[in-house]
Amino acid sequence: MGDMRQVRILVVDDEELIRKLMTNILRRGGMAVLTAQNGEEALKVLRENGCDVVVSDVRMAGMSGFDLLKQVKAKHPDIAFVVMTGHADSYSIKDALLQGADEYITKPFKNHEVMLIIERAYWRIRSNRKQTEST
């Protein structure tokens, strides 16, 4: 799809196993990966490091993935946001997309699907940014 090296991904999930699995998949794809175990930590990581794409679980203790999505999109509309859910009911997916998510991943996921979805979200945001800059 394009060169994804140097793309920084923030993976947010309260399950350590999911964070490690996503980190391994994305690093094998040449991406730089940061992680956070909850929404509050994710906002801190964003403030300190920035990123190109946030991949966040929807259901987490404390700040939900939906709340994180709203805050990230309000402050950083040029960051692609991908929601992850193990509860792939059409309501939560539609709700996430209506609230500004760029893509979604359902658990359990396949490694190649993760890469494709994240690349698609990243390039869509980049394309939108270029269109905005040229108008």
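## Close-up views of charged and aromatic pairs

Searching the whole structure turns up 7 salt bridges. The model shown here is predicted, and the views below visit some of these pairs before turning to the aromatic rings.

**View A. Lys107 and Asp13 form a salt bridge between two loops.** The side chains of this pair come together with an N to O distance of 3.0 Å. Asp13 sits in the loop between strand S1 (8-12) and helix H1 (16-28), while Lys107 belongs to the loop between strand S5 (103-106) and helix H5 (111-134), so the contact ties together parts that are 94 residues apart in sequence. Are these two residues buried or exposed? Lys107 counts as buried because its relative accessibility is 18%, under the 20% cut-off. Asp13 is buried too, at 0% relative accessibility.

**View B. Lys73 and Asp102 meet in a salt bridge.** Here the N to O distance is 2.9 Å. The two residues come from distant parts of the chain: Lys73 lies in helix H3 (residues 65-75) and Asp102 in the loop between helix H4 (90-98) and S5, with their positions 29 residues apart in sequence. Both Lys73 and Asp102 are buried.

**View C. Glu103 and Arg120 link strand S5 to helix H5.** In this salt bridge, the closest N and O atoms are 2.8 Å apart. The partners are 17 residues apart and join distant parts of the chain. What is the relative accessible area of each partner? For Glu103 the value is 8%, so this residue is buried. For Arg120 the value is 36%, which means that this residue is partly exposed.

**View D. Asp13, Asp57 and Lys107 belong to one network.** Salt bridges with shared partners connect these three residues. Two of the names will be familiar from View A, where Lys107 and Asp13 pair at 3.0 Å, N to O.

**View E. Tyr122 and Trp123 make an edge-to-face aromatic pair.** The structure holds 1 aromatic pair. How far apart are the ring centres of Tyr122 and Trp123, and at what angle do the planes lie? The centres are 4.9 Å apart and the planes lie at 75°, so the arrangement is edge-to-face; the angle cut-off for that class is over 60 degrees. Tyr122 is buried at 8% relative accessibility, whereas Trp123 is partly exposed at 27%.

Key: Residues are numbered from 1 along each chain as its sequence is written. This is a predicted model: local features need pLDDT of at least 70, side-chain atom pairs count only at pLDDT 80 or more; totals for chains, interfaces and linings use all residues. Side-chain values use heavy atoms; hydrogens and water are left out. A salt bridge is a side-chain nitrogen of Lys or Arg within 4 Å of a carboxyl oxygen of Asp or Glu. Helices (H or I, at least four residues) and strands (E, at least two) are DSSP runs, numbered from the N terminus. Buried means under 20% relative accessible area, exposed over 50%, partly exposed in between (1.4 Å probe, protein chains only). Rings of Phe, Tyr and Trp (its six-membered ring) pair if their centres lie within 6.5 Å; planes under 30 degrees apart count as stacked, over 60 as edge-to-face and the rest as tilted.
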